Amino acid sequence: MEQYAHALAEFVREHQAWAAPIVFLLAFGESLAFISLVIPAWGALVAIGALIGVSGISFYPVWIAGGLGAALGDWVSYWFGFRYKEHVAQMWPLSRYPDLLPRGEAFVKSWGVPSIFIGRFFGPLRASVPLAAGIFEMPYWSFQAANFISALVWSAVLLLFGDVMAKIMEWIWRVI
């Protein structure tokens with residue numbers, strides 16, 4: 001996966017116009033139930049964030065693209081859970097992770113709307129919380145408000161983390 005993230009970041013460095021669409025797709029995949037379990041994209045998002053300061057890529061379009069991609073992924077996951085309810089647990093790849101949905105359910109029931117915000121920042125919960133919110137019929141507008149706000153914060157955190165790490169590494173290389 002590290003090689004994948006590096007290759008994608010290198011492509012974005014050479015083709016900066018593709019930064020926002022690629023970040024949108026990565027964030028969408030990272031937030032989409034089923035896909036995020038197979039292809040974690042957060043490393044590539046951090047690597048692209050590292051390019052922001054050092055290559056002159058504009059932060060705002062990439063940040064908005066990441067936020068919208070993540071929100072859309074969770075929106076689709078919510079809809080899928082709402083539409084297919086109990087059948088979801090038997091579908092691949094969730095059938096290979098039988099404890100994931102019960103954990104998501106317990107989390108959503110315990111925390112309510114804040115679970116959407118909190119779940120966005122914790123690996124396997126990122127995919128299962130919106131799915132569980134749909135299965136257990138969290139109110140639609142409450143879900144969407146938490147979804148869009150958390151997606152924008154999550155996108156900013158990953159991209160800025162990469163940017164800050166790149167600046168720290170650049171400073172270390174100058175000092176050495």
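The questions and answers below look at one helix and one pocket of a predicted model.

Visitor: How far does helix α6 reach from its first C-alpha to its last?

Guide: Helix α6 covers residues 100-111, which gives it 12 residues. At 1.5 Å a residue, a span of 16 Å is expected, and the helix comes close to that, with a reach of 16 Å.

Visitor: Within what arc do the buried residues of α6 fall, seen down its axis?

Guide: The buried residues of α6 are L100, L101, G104, F107 and V108. An α-helix has 3.6 residues a turn, so residues three or four places apart point the same way. Seen down the axis of α6, the buried residues line one face of the helix, because they fall within an arc of 125°.

Visitor: Which residues are exposed on the other side of α6?

Guide: Buried here means under 20% relative accessible area, whereas exposed means over 50%. Past the buried face, on the other side of α6, the residues that count as exposed are K109 and S110.

Visitor: Which residue follows α6, and what is its phi?

Guide: The residue that follows α6 is G112. The phi of G112 is positive, near 65°.

Visitor: Which helix supplies the largest share of the lining of the second largest pocket?

Guide: This pocket, with about 180 Å³ of space, is lined by V46, A47, A50, G162, M165, A166, M169, E170 and W173. The lining residues divide into seven nonpolar, one polar and one charged. At least two of them come from each of α4 (42-55) and α9 (140-175), and the largest share, six residues, is supplied by α9.

Definitions and conventions
Residues numbered from 1 in each chain as written. Predicted model: local features only at pLDDT ≥ 70, side-chain atom pairs only at ≥ 80, totals over all residues. Heavy atoms only, no water. 1 Å grid on protein atoms, 1.4 Å probe; cavity = no way out; pocket = protein on both sides within 12 Å on 5 of 7 lines; lining within 4 Å. Points joined across faces, edges and corners; volume = space filled by probe spheres on them. Helix = DSSP H or I, 4+ residues; strand = E, 2+ residues; numbered from the N terminus. Nonpolar A, V, L, I, M, F, W, Y, C, P; charged D, E, K, R; others polar. Expected span 1.5 Å × (residues − 1). Buried < 20%, exposed > 50% of the residue type's maximum accessible area, 1.4 Å probe, protein only. Arc of directions from axis to C-beta.
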